[in-house]
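Hello,

Here is the structure I promised to pass on to you. Have a look at it first, and then read on for what turned up in it.

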Amino acid sequence: MPPRIPGVQRLGTFSLCLRPAVNPSVPSLLPVTQTASLSRKEKKRIAKQEPYRWAQMKQRKAKDVENRKKVEEARESLFGDPVRGLPTPFIESLGSAGQAPLSRPPLDADGKPVAEPHELPTSPHILNNLIYKSELESAVENAYTLTLPLASELAPVGSEDYENRVALHEEKHARAVEALQRITHMDNGSAKDRLHANIRRCIETFGRHETDQTLRPKALSRGQVREEKPVRGGPDTGSSEVQIAILTTKIKALADELEKGRGYKDKVGKRDLRLLLHRRQRLLRYMERKERGSDRWLHMIQTLGLSPATWKKQITL
C-alpha cells in the first residue's frame, strides 16, 4: 500500500486567476504635477514632511483666492446696479434739469468736497412751464412793441411828456421781464416741472430726428439694400431709445424720493419702481436684439450709463 502524503493545508482558500497579466505602465518623462485636490491624509503628510512645499502651496492658494476676489469685484462693478446703472454726466444733470454747468461732488464728514466738480451737459434753452427760451424772447419782444407809447399831437416825439412816458414804459418793461425770468427759471420749478424738462431733453438727445443726422446707420446684412425712409414730420417721441431715456428719468426721480425720509415704507412707490424697471428691461432687450453694436445702441448705453444689470437676469428689489 503506497504511503499517504499529507496535502497542503487550506488549499481550497486560494483562487486561480486565468486573466492575462496587465502590461506594466511605461514611466512618463513629464514632471510630476500637483493634483487639484489632495486628501486630508496627504495634506498632513506634506505639512509634516515637506514644510517648505506646504508653505508654497498655501501662498499659491491665498494668491489665487485674492485674484478671484478682484475679478469678481471688477465684474460686479461693470455689471452695475439694476436701478441706477453707472453714473454719467447726463444722468447727473437730471437733478437740475440741465441748468447747472458743474456737478456737485460728495462731501466728507467735515463738509469738504471729496473730488473736483466736472462739467455737465446743459440745456439753457429749456425753461419752466413747458416753454423754450426762444418763445419767451419772442413774446417779450412782441409785448414791448405792443405796449410802446405812441406819439400824438399833444405829446410829439422829442417832447418832455413823451420822453417821460417812454422812460416809464422802459421801467415797467424791465420789471415785467425780470418777473418772467423768475417765473420761467427751472430753479423755481417743482419736481414735476423738472421731470417735464428732462423728458424734453431726452427727446432732443435721443430722438431719431436728431441722431439720424449725426450717427451712422446700422450696418446691413448680406443681400440687403438700404431703403430711403420718409422725412419725419416732427420730433421723434416713440422710438425705443427715447422711451428708455424717459423711463430712466422717471426711475431716477422715483428712486431718489424713496431714499428720502420714510420712503422705505412706501410699498406703492416700490411697486411703481418695479413696474418701470421691468418695462425698461423689455425695451432694452428688444433694442439689444435689433440694434446691438450699432452707433445708436452705443450712444444710448454710454449716455444713460445703462449697465448689463438693467436688462440681464432677473431684477429684484
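Let me start with the largest pocket, which has 25 residues in its lining; Asp-212, Pro-217, Arg-226, Lys-229 and Arg-296 are the ones nearest its centre. Please keep in mind as you read that this is a predicted model. Two elements, α7 (208–214) and α9, each give two or more residues to that lining. Of these, α7 provides the largest share, with five residues. By class, the lining splits into twelve charged, seven nonpolar and six polar residues. The volume of this pocket comes to about 840 Å³.

The second largest pocket has a volume of about 430 Å³. It is lined by 17 residues, and Glu-92, Gly-95, Ser-96, Ala-100 and Arg-104 are the closest to its centre. Here the lining is made up of seven nonpolar, five polar and five charged residues.

Now for the charged pairs. How many salt bridges does the structure hold? The count is 19, and a few of them are worth finding on your screen:

- Arg-45 and Glu-50 pair through their side chains, at 3.8 Å from N to O. Both residues count as partly exposed, Arg-45 because its relative accessibility is 30% and Glu-50 because its value is 29%.
- Arg-68 and Asp-64 form another salt bridge, with an N to O distance of 3.3 Å. These two residues lie about one helical turn from each other, because they are four residues apart in helix α2 (residues 51–79). Asp-64 has a relative accessibility of 39%, so it counts as partly exposed.
- Arg-292 makes a salt bridge with Glu-288, and their closest N and O atoms are 3.4 Å apart.

There is also a network in which salt bridges with shared partners join Arg-208, Asp-212, Glu-241, Glu-291 and Arg-296. You have met two of these residues already: Asp-212 and Arg-296 are among those nearest the centre of the largest pocket.

Next, the nonpolar interior. The largest nonpolar core contains 19 residues, and Phe-206, Ile-244, Leu-284, Trp-297, Met-300, Leu-304 and Leu-306 have the most contacts inside it. At least two residues of this core come from each of α3 (89–92), α6 (191–206), α8 (240–258), α9 (267–291) and α10 (295–304). If you would like one residue to start from, try Ile-244. Which residues does Ile-244 contact, leaving aside its neighbours within four places in sequence? They are Arg-280, Leu-283, Leu-284, Met-287, Met-300, Leu-304 and Leu-306. A second core, separate from this one, has nine residues, including Val-83, Ala-255, Leu-273 and Ile-315.

One last residue to look up is Tyr-286, in helix α9. Is Tyr-286 buried or partly exposed? Its relative accessible area is 38%, and buried would require under 20%, so Tyr-286 is partly exposed. Its C-alpha atom is separated by 8.4 Å from that of Ser-240, a residue 46 places away along the chain.

If you only have a few minutes, I would begin with α9: this helix gives residues to the lining of the largest pocket, and it also supplies residues to the largest nonpolar core.

Happy browsing, and best wishes

Note on methods
Residues are numbered from 1 along each chain as its sequence is written. This is a predicted model: local features need pLDDT of at least 70, side-chain atom pairs count only at pLDDT 80 or more; totals for chains, interfaces and linings use all residues. Side-chain values use heavy atoms; hydrogens and water are left out. A nonpolar core is a set of buried Ala, Val, Leu, Ile, Met, Phe, Trp, Tyr and Cys residues joined through side-chain atoms within 4.5 Å. Buried means under 20% relative accessible area, exposed over 50%, partly exposed in between (1.4 Å probe, protein chains only). Contact means heavy atoms within 4.5 Å. On a 1 Å grid over the protein atoms alone, a cavity is a set of points where a 1.4 Å probe fits but cannot get out, and a pocket is an open set with protein on both sides within 12 Å along at least five of seven lines; lining residues have an atom within 4 Å of a point. Grid points are joined across faces, edges and corners, and a volume is the space filled by probe spheres set on the points. Ala, Val, Leu, Ile, Met, Phe, Trp, Tyr, Cys and Pro count as nonpolar, Asp, Glu, Lys and Arg as charged, and the others, Gly among them, as polar. A salt bridge is a side-chain nitrogen of Lys or Arg within 4 Å of a carboxyl oxygen of Asp or Glu.
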